[in-house]
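Thanks, everyone; I would like to take a few minutes for the packing in this structure, going from one aromatic pair to the cores and then to a helix. Please have the sequence and the model open as I talk.

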Amino acid sequence: MQTIKIFDTTLRDGEQSPGVNLNLSEKIEIAKQLERLGVDIIEAGFPAASSGDLQSVREVAAVIKNSSVTGLSRSVQSDIDAAWDALKGGAQPRLHLFIATSPIHMKYKLKQSPEQVLESAVQAVKYAKQRFPIIQWSAEDACRSELPFLAKIVTAVIEAGASVINIPDTVGYITPKEYGEIFSYLKENVRNIQKVSLSAHCHDDLGMAVVNSLSAIEHGATQVEATLNGIGERAGNASLEEIAVALHIRKDFYNAKTNIQLNEIKRTSDLVSKLTGMVIPPNKAVVGKNAFAHEAGIHQDGVLKEKTTYEIISPELVGVNTNAMVLGKHSGRHAFRTRIQELGISVKDEEINSLFKLFKDLADKKKDITDDDLIALVLEERFGKGDTQYELISLQVQYGTNQVPTATITLKGLEGEIIQEAATGAGSVEAVYNTLERMVHASVKLLDYKIQSVSGGRDALAQVYVNVRVNGEETSGRGLDQDVLEASAKAYINAINRVLYLQKYKNTVEEVTIK
């Protein structure tokens, strides 16, 4: 049985999802969980894209020891240099090089002839090979490329030193049969193909990313690229969890396995969802909340008699906890810490005191504290306040059926000063946001607003996600509270603080560069 390597690109291609904006500490937390999940390769970002991206790739490479960390690079020396700067301190550095090979991309985007593209690809691989022990080379838009040219350029980059050849369906265009045939064609027409591993990278524009990836495996691919929850640009990427579970459940057919720790899937999926603000659809395969729910009477009867009548995947297989412990106001510090550890959350000793206080405060207002509540509390404490510039002190909203909603807010400002302001709006949330916009002295446009309950019940915690444009710069924020208006205010402030932190970081980098 062959082992399929899993190349996770949640932190690179996944972060390109509209409205997703992860900061450094969030990326590191996701990377650590991906390492626990057992992914073979973590694509941490595009180092040449910005100084922030380079720094985040460098930090991820420094902390991850059991997975290989890679970064994306165009076929130009400056990109390769930036990638080496970011990855050289990692345990298993590798480079992901790409160049477009389809006629439409070469003509309109690169404005190069096929011969020039081939020469650029070869020179880039040779240059990168002087530093990186492993080079993965990707033919962007491979599935709309002319196969004879694709075979020619693949042959050339293998000779130049490439170790992995990736065939991306960049625009999610191809069908499973056609995709498999590309791999078969390359195996038959590239004379040195046995020197490399073949990799698949599929987008979900036509809803076929997962099945295309599985087709690639059937036709010789030994690596697949994917993201948690299938997030990514446009319609997203192939879902890592669906591929891993499909290979496990149907190992009789695929004769393949992965190194994925399947019982970490749900935990990883939830973490990515919470930190990106991208809600998992209830009917999402493997990780959706309805994935193991049985509504029809005949199904319920069958499952009660024998689970396998209608359940091909057990909840426990992917880490869904069917016996969740419920804590309350009488639970002690030991029970709290034990449950946090059982949930796979690494918490430092100095964090426990503040987290336990938050837990006790919540337990006074909410009868039952679920696992989801605990995870939300930890993430809010760890990431919701990490870049604090403005801090919410108090919020009061006046609302009535025949009254104009009015919000009065007190903030701690950038210099520690106390700021008070009031404003009205068509609704309570708008009144809150109009007030906050006055207080931060910035042009803020709300692009998206989402709210969901963390758990069930009328006393559930509210999680609010916002996507905003602040002085022309797009960012996201999130807030957690039992009160939906306070959660809304916290999300808005979190977004503002992210922009201020990023600006401060950029200014610091510029000062260092000038010196």
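Trp84 has a relative accessibility of 22%, and so, with buried meaning under 20%, Trp84 counts as partly exposed; I should say at once that this is a predicted model. Its partner Phe132, by contrast, is at 1% relative accessibility and counts as buried. The two rings form an edge-to-face pair, with 5.0 Å from centre to centre and 85° between the planes. Because Trp84 sits in helix α3, residues 77–87, while Phe132 belongs to the loop between α5 and β6, the pair ties together parts that are 48 residues apart in sequence. The aromatic pairs come to 8 in the count, and Phe336, Phe356 and Phe359 form one aromatic cluster.

Turning to the nonpolar cores, the largest has 118 residues, of which Trp137 and Ile165 touch the most other members. Helix α6, residues 147–160, gives the most to this core, namely 9 residues. If we leave aside neighbours within four places in sequence, the contacts of Ile165 include Trp137, Val154, Val157, Ile158 and Leu198. Another core, of 27 residues, lies apart from that one, and Leu436, Val444, Ala462 and Ile493 are among its members.

Leu436 is also one of the buried residues of helix α16, together with others including Ala431, Val432, Tyr433 and Met439. Helix α16 runs over residues 428–440, and its 13 residues reach 19 Å from the first C-alpha to the last, close to the expected 18 Å. Just after α16, His441 takes a positive phi of about 55°.

Notes. Residues are numbered from 1 along each chain as its sequence is written. This is a predicted model: local features need pLDDT of at least 70, side-chain atom pairs count only at pLDDT 80 or more; totals for chains, interfaces and linings use all residues. Side-chain values use heavy atoms; hydrogens and water are left out. Rings of Phe, Tyr and Trp (its six-membered ring) pair if their centres lie within 6.5 Å; planes under 30 degrees apart count as stacked, over 60 as edge-to-face and the rest as tilted. Helices (H or I, at least four residues) and strands (E, at least two) are DSSP runs, numbered from the N terminus. Buried means under 20% relative accessible area, exposed over 50%, partly exposed in between (1.4 Å probe, protein chains only). The expected span of a helix is 1.5 Å times one less than its number of residues. A nonpolar core is a set of buried Ala, Val, Leu, Ile, Met, Phe, Trp, Tyr and Cys residues joined through side-chain atoms within 4.5 Å. Contact means heavy atoms within 4.5 Å.
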